[in-house]
Amino acid sequence: MGAQKSIHAGKAKIDVNVDFTHKICASMMLPSLRNAGSPLSLVIGSLCIKHPNLFGGSEKLDVSWDKGLYDSNILVAYRRPRPQWVAQQCFVMQHSLSPEIGVHGIPVDNFSRSGSGGVNLSRFSVGLDLNEPASSKWSSTTSVKFENVRLLSDDGRSITRDLDGFPVTCSGNAHDSMVVLKQESQYAKANEHSFSRFTMQIEQGIPVLSKWLIFNRFKFVASKGIKLGPAFLLTSLTGGSIVGDMAPYQAFAIGGLGSVRGYGEGAVGSGRSCLVANTEVTLPLSKMLEGSVFLDCGTDLGSGRLVPGNPAMRQGKPGSGVGFGYGLRFKSPLGHFQVDYAINAFQQKTLYFGVTNLAS
């Protein structure tokens, strides 16, 4: 239940997408995070404006706005043409607002779901992205950005403490500021029978001012896929750690779709470090339908107590967990649809819905 429309205004292109279906799926998966306000709160959608030649020199301007049920994101990107053998530059300005469920969310139904903890993350960033010329298997992106993070209550007021009275920022004030230098490298190799992929992200907080955050955060994702006759085996390992200054919202959240299925978002734990392993086998059932079985496990490596305020312990999160189940993958011209049925270590069952790769 939705609508899509593309409008051409001169050389600019405007894409509008309004969708009501996500409200139905979300109501089946998640407890209500807050009371529905205006009728617009029931609508999700996106607005995208693209101009391929802003000042007559092939400068590209992209402006996008995405609205979810409880979150929103505004992105402005400006690119100037450069020779292909040098790093491509992109000026980016972004503002996002979303519930902070992974760390401050309250697990319910034997950790199978996460409800609102009354904390929402408002993040504003501005900076520069540099995309290095890709080799045959390696690609690299470097960015430097100023970020301002403010924590809000469910009714939109600035807060400095959570529902239990513990600070939600590193500075103890209503907001945290930082300059972040980020390096992301990716290796990918594929053939007809298998593929390998490795991604490494390193973030360094630069102390431009004395009160700004100083930290080093890294995360890696290694995945391997192998074709076994008609079936396909996919394994992945995700890990990370952070040292230095840290606010609770910077912790690694474990649990949920894309992490350990069978648990709510962040319901396994949240720590300074994490390790998550996923294994999935898919088997084609028809030309457009695949069946799958999967096993996920994750741990905070005992680092949950090192997060300021120890929110994981206060919420009774176990710190490690295992989930397993089965699912269906449906491929269509409109996109890829995913349904997973998972069981966690507490024998609580969870149903997940996912939609990816929607056609424009």
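Colleague: In this predicted model, which residue meets Glu 290 in a salt bridge at 3.6 Å, N to O?

Modeller: The pair links distant parts of the chain, with Glu 290 in strand E18 (residues 289-299) and its partner in strand E19 (residues 320-332), 41 residues apart. The partner counts as partly exposed, at 38% relative accessibility. The residue whose side chain meets that of Glu 290 is Lys 331.

Colleague: Which residues are joined into one network by salt bridges that share partners?

Modeller: Two members of this network, Glu 280 and Arg 329, also have side chains joined by a polar contact of 3.1 Å. Salt bridges that share partners make up the network, and the residues they join are Arg 261, Glu 280, Asp 296, Arg 329 and Asp 340.

Colleague: Is Glu 280 buried or exposed?

Modeller: Glu 280 is found in strand E17, which covers residues 273-284. Leaving aside residues up to four places away in sequence, Glu 280 touches Phe 232, Leu 233, Leu 234, Arg 261, Ser 292, Val 293, Phe 294 and Arg 329. Because its relative accessibility is 14% and the cut-off for the class is under 20%, Glu 280 counts as buried.

Colleague: How many salt bridges does the count come to?

Modeller: One of them brings together the side chains of Asp 62 and Arg 79, at 2.8 Å from N to O. Asp 62 lies in strand E4 (residues 60-67) and Arg 79 in strand E5 (residues 72-79), so this pair ties together parts that are 17 residues apart in sequence. By the rule that a side-chain nitrogen of Lys or Arg lies within 4 Å of a carboxyl oxygen of Asp or Glu, the count comes to 13.

Colleague: What class of exposure does Asp 62 fall into at 21% relative accessibility?

Modeller: The class between the cut-offs runs from the limit of buried, under 20%, to that of exposed, over 50%. Its salt-bridge partner Arg 79, at 34% relative accessibility, counts as partly exposed. With a value of 21%, Asp 62 likewise counts as partly exposed.

Colleague: Which residue forms a salt bridge with Arg 314, the closest N and O atoms being 3.0 Å apart?

Modeller: The pair links distant parts of the chain, since Arg 314 is in helix H3 (residues 311-314) while its partner, 152 residues apart from it, is in the loop between strand E10 (138-152) and strand E11 (175-190). Arg 314 counts as partly exposed at 24% relative accessibility, whereas the partner is buried, with a relative accessible area of 10%. The residue that forms this salt bridge with Arg 314 is Asp 162.

Colleague: What accessible area do the residues of the nonpolar surface patch have together?

Modeller: The patch is formed by Val 144, Leu 181, Ile 206, Val 208 and Leu 209. Leu 209 lies in the loop between strand E12 (194-206) and strand E13 (215-228), and this residue is partly exposed, with a relative accessible area of 45%. Taken together, the five named residues have an accessible area of about 370 Å².

Colleague: What percentage of the 360 residues in the protein chain is made up of buried residues?

Modeller: The protein chain has 3 helices and 21 strands, and among its contacts with a separation of 6 or more, residues 24 or more positions apart account for 56%. The chain exposes about 19100 Å², of which carbon and sulfur atoms supply 61%. Buried residues make up 37%.

Technical notes. Residues are numbered from 1 along each chain as its sequence is written. This is a predicted model: local features need pLDDT of at least 70, side-chain atom pairs count only at pLDDT 80 or more; totals for chains, interfaces and linings use all residues. Side-chain values use heavy atoms; hydrogens and water are left out. Helices (H or I, at least four residues) and strands (E, at least two) are DSSP runs, numbered from the N terminus. Buried means under 20% relative accessible area, exposed over 50%, partly exposed in between (1.4 Å probe, protein chains only). Contact means heavy atoms within 4.5 Å. Accessible areas come from the Shrake-Rupley method with a 1.4 Å probe; for residues, only the protein chains shown count as cover. Patches are made of residues with over 30% relative accessible area and no salt bridge: like charges are joined within 9 Å, nonpolar side chains (Val, Leu, Ile, Met, Phe, Trp, Tyr) within 5 Å. A polar contact is a pair of N or O atoms within 3.5 Å; within protein, one must be able to donate a hydrogen and the other to accept it, and residues adjacent in sequence count only if both atoms are side-chain atoms.
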